[in-house]
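Here are a few short exercises to work through with the model open in your viewer. Try each task before you read its solution.

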Amino acid sequence: MPLNDTQKKHLRRLSHTRKPVIIIGSQGLKETVILAVEEALEFHELIKIKVNAADKVTRQAMLESLCRTTGCQLVQHVGFVGTLYRRNKQSPKLEFLTKRLPA
């Protein structure tokens with residue numbers, strides 16, 4: 001299920017203080033990197049990844065490929081860092097507000 005703008009905004013807010021848990025180096029997307037991303041998403045649901053590629057198009061392509069492979073969604077991509085989200089179906093850690101609270 002794709003995230004709506006409100007959900008993405010909430011996830012961006014939550015990810016602001018987090019540091020990248022995975023760094024993709026010059027070797028690109030190896031199977032070990034994909035497995036590490038799978039484990040991190042399973043445990044944290046919301047992760048940051050640093051992609052050390054020279055140009056923006058390559059970084060974007062790596063993040064999109066990673067999203068397709070792992071079934072996660074790209075929340076944000078700023079510079080060398082991408083924020084990914086995938087809900088843990090057995091034990092979700094992040095909750096979204098379904099109703100807007102009165103001010």
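**Exercise 1: the two sides of a helix**

The buried residues of helix H2 include Val33, Ile34, Val37, Ala40 and Leu41, where buried means under 20% relative accessible area and exposed over 50%, with partly exposed in between (1.4 Å probe, protein chains only). They lie on the same side of H2, because the arc they cover around the axis is only 125°, taken from the directions from the helix axis to the C-beta atoms.

A word on the source: this is a predicted model, in which local features need pLDDT of at least 70 and side-chain atom pairs count only at pLDDT 80 or more, while totals for chains, interfaces and linings use all residues. Residues are numbered from 1 along each chain as its sequence is written, and side-chain values use heavy atoms, leaving out hydrogens and water.

Task: find which residues sit on the face of H2 turned away from its buried side, and what covers the buried residues.

Solution.
1. Recall the geometry: an α-helix has 3.6 residues a turn, so residues three or four places apart point the same way.
2. Turn to the other face of H2, which carries the exposed residues Glu31, Thr32, Glu39 and Phe43.
3. Look at what covers the buried residues of H2: this includes strand S1 (22-24), S2, helix H3 (56-70) and S4. Contact here means heavy atoms within 4.5 Å. Helices (H or I, at least four residues) and strands (E, at least two) are DSSP runs, numbered from the N terminus.

**Exercise 2: a strand and its partners**

Task: work out which strands pair with S4, and in which sense.

Solution.
1. Apply the criterion: two strands pair if DSSP finds at least two bridges between them.
2. Strand S2 (residues 46-51) runs antiparallel to S4, joined by five bridges; isoleucine 49 has glycine 82 as its bridge partner.
3. Strand S3 (residues 73-78) also pairs with S4 in the antiparallel sense, over five bridges, and leucine 74 stands opposite leucine 84.
4. S4 (residues 81-85) is largely enclosed by the rest of the structure, because four of its five residues are buried.

**Exercise 3: two cysteines**

Task: decide how many disulfides the structure holds.

Solution.
1. Set the cut-off: a disulfide is a pair of cysteine sulfur atoms within 2.5 Å.
2. The count is zero. Cysteine 67 is in no disulfide, and its nearest cysteine sulfur, that of cysteine 72, is 3.7 Å away, which is too far for a bond.
3. Check burial: cysteine 67 is buried at a relative accessible area of 13%, and cysteine 72 is buried at 7%.
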